[in-house]
Structures are given as structure tokens and as C-alpha cells.
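Work through the exercises below with the sequence and model at hand. Each task is followed by a solution in steps.

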Amino acid sequence: MFSAYFNQLQKQLLKAYTKPSKKEAVSAPVPAKAKKPAKKDYKPIMDAVASMFSPEICVMSKKIADQSGYISDSADFIAVRKKFSAIDDIFHDAVPAELTAASFNVIEEVNHKQLTDVLIKAALIKKIDHYSEDAEDPAFIPGFIIALHTTYSLSELKEAIIDIYDKDSVEPMFEFDIMMVLGKGLIIKNWREGARSFIALETGEDTMKWFFLLLNEYVESKTAKDLDLRSYVKEAVHYNEY
């Protein structure tokens, strides 16, 4: 029914993030002055992910805050429940955890360093709302990782993930939920089996279709935590009262 759309979307993303060949790189003009590294352009990915959600959820590059004052800038972009029409302006810097429907991290080339970095970032996001006054009922923010290129097989990648988590002693509750490797498959945390359990699925050209299905199942299955806006007002301001 919708396989063709996501197969085409995946092809477009793979093309957008295909690295130039060595010959093209050598023939490219060299700038006269050294420039700062260009900001990573994840707009094609963000647009693709945004197309997977209902109009009530928007995708944006924002930090995430919780009631304790903890702010995380570890996500490359997030999905936000559009509770207010001007949500982008109201929360210009950080979005409350209660309104954050999901977090996303992008890994351009899967090697040990990048994989370690992205797993740590995903874990830091998962810690949001775990140290607030209402820590017994923290907001659940599903964590998704999108990998663009890898020379690892999915089984090798799964073992590398488990090895990094073990070495860094990451608590299971702070592990990511789904990793999508474009054009190859999915690595899914198996919550039913508990600690350090993941399933690797070689879904090939159907990868993005299954990511779409699972993404929405995760987001829709979790009831949004009630938002108390007053808890985010930290300024101790005294107003004249008459």
C-alpha cells in the first residue's frame, strides 16, 4: 500500500548523503582560505521524518528541558507535540520533556568512535526527567538513531553496540529504542528480554517502511505526560501587589 513511497524516499536520502568519489574530491576546487567546517545538513532527513508524523507533531532542532532544570542538547533533532500553534517561538531554545514525542540522532559513518559518541548522546537524552521531583514517573522519550553509511554487517553492528554499552556501563533504561541503517535494516531494543537485548533485522529496501511503522507505534503507544508550565518558571521575581 505504501511501500513504493518509502522505497523512493529511502533512495532519495541515500543519494543525498552519498559521498563524492575520490576522483570528484580531488578535482573539486580548493578554497583560497581555510573555512570552518560546514554545519551538518540534516534537513533532508528531518523532512523525511516529519512526513511520517501526523500534523499534531512537528520536527525541529531544539534542546530538551525537564522540570529539574536539566537541559540536553544531545539530540540532532526532535519530534514535538504541537500543543501550541506558536510552539517554535514560545520555546525558542528548549522544549519541555512532556511535549517531546521522540529524539533523533544521526550517525554519518558507522565506526567505533562515531558509534560510541552517538550511543552516549542517546543515553544522555534518556536521562531527561529522571532526576526531577516527579522522577518516579519520568517522561518516556523514545530514542531513534539514523545511520547513513556502514561497512558493518547488522549482526556485527549489534554486537558492537552491546560491547560499547557493557564497557561504558550504560544502564539498560538509557539504551536507544531503534536504529535504522538506511538501505540495510533495523536494530531494535528488545524490551521484553531486559538488559542488553537487541534484534537485528535485514529489511533492505523495506527498511524505511518498517521504520515508519515502528516509529509511530512507539510514539502513539506512550501516553504523553501532563505538562505543568508553572514548574518551568524558575525566576524568583517579586511583583507589586495592590
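**Exercise 1: the second largest pocket**

Sort the residues that line the second largest pocket into nonpolar, polar and charged.

Solution. The lining divides into 8 nonpolar, 2 polar and 3 charged residues. The model is a predicted one. The space in this pocket comes to about 270 Å³. Its lining has 13 residues, and those closest to the centre are A65, I71, F91, A94 and Y232.

**Exercise 2: the open sheet**

Find the order of the 3 strands in the open sheet, and explain what is left without a neighbour.

Solution. Begin with the order, which is β3-β2-β5, with mixed pairing. Next, take the edges: β3 (71–72) and β5 (94–96) each have a single partner strand, so one side of each lacks a neighbour in the sheet. Then look at β2 (residues 63–65), which pairs with β5 in the parallel sense over 3 bridges. Within this pairing, I64 has V95 of β5 as its bridge partner.

**Exercise 3: the largest pocket**

Which element gives the largest share of the lining of the largest pocket?

Solution. The pocket has a volume of about 370 Å³. Of its 17 lining residues, K40, Y42, D76, V106 and K121 are the closest to the centre. Elements giving two or more residues are α3 (43–50), β6 (100–110) and α5 (112–126). The largest share is that of α5, with 5 residues. By class, the lining has 5 nonpolar, 3 polar and 9 charged residues.

**Exercise 4: the largest nonpolar core**

Which helix gives the most residues to the largest nonpolar core?

Solution. This core has 34 residues, and F211 is one of those with the most contacts inside it. Helix α7 (residues 207–221) gives the most, with 7 residues.

Conventions. Residues numbered from 1 in each chain as written. Predicted model: local features only at pLDDT ≥ 70, side-chain atom pairs only at ≥ 80, totals over all residues. Heavy atoms only, no water. Core = buried A, V, L, I, M, F, W, Y, C linked by side-chain atoms within 4.5 Å. Buried < 20%, exposed > 50% of the residue type's maximum accessible area, 1.4 Å probe, protein only. Helix = DSSP H or I, 4+ residues; strand = E, 2+ residues; numbered from the N terminus. Pairing = 2+ DSSP bridges. 1 Å grid on protein atoms, 1.4 Å probe; cavity = no way out; pocket = protein on both sides within 12 Å on 5 of 7 lines; lining within 4 Å. Points joined across faces, edges and corners; volume = space filled by probe spheres on them. Nonpolar A, V, L, I, M, F, W, Y, C, P; charged D, E, K, R; others polar.
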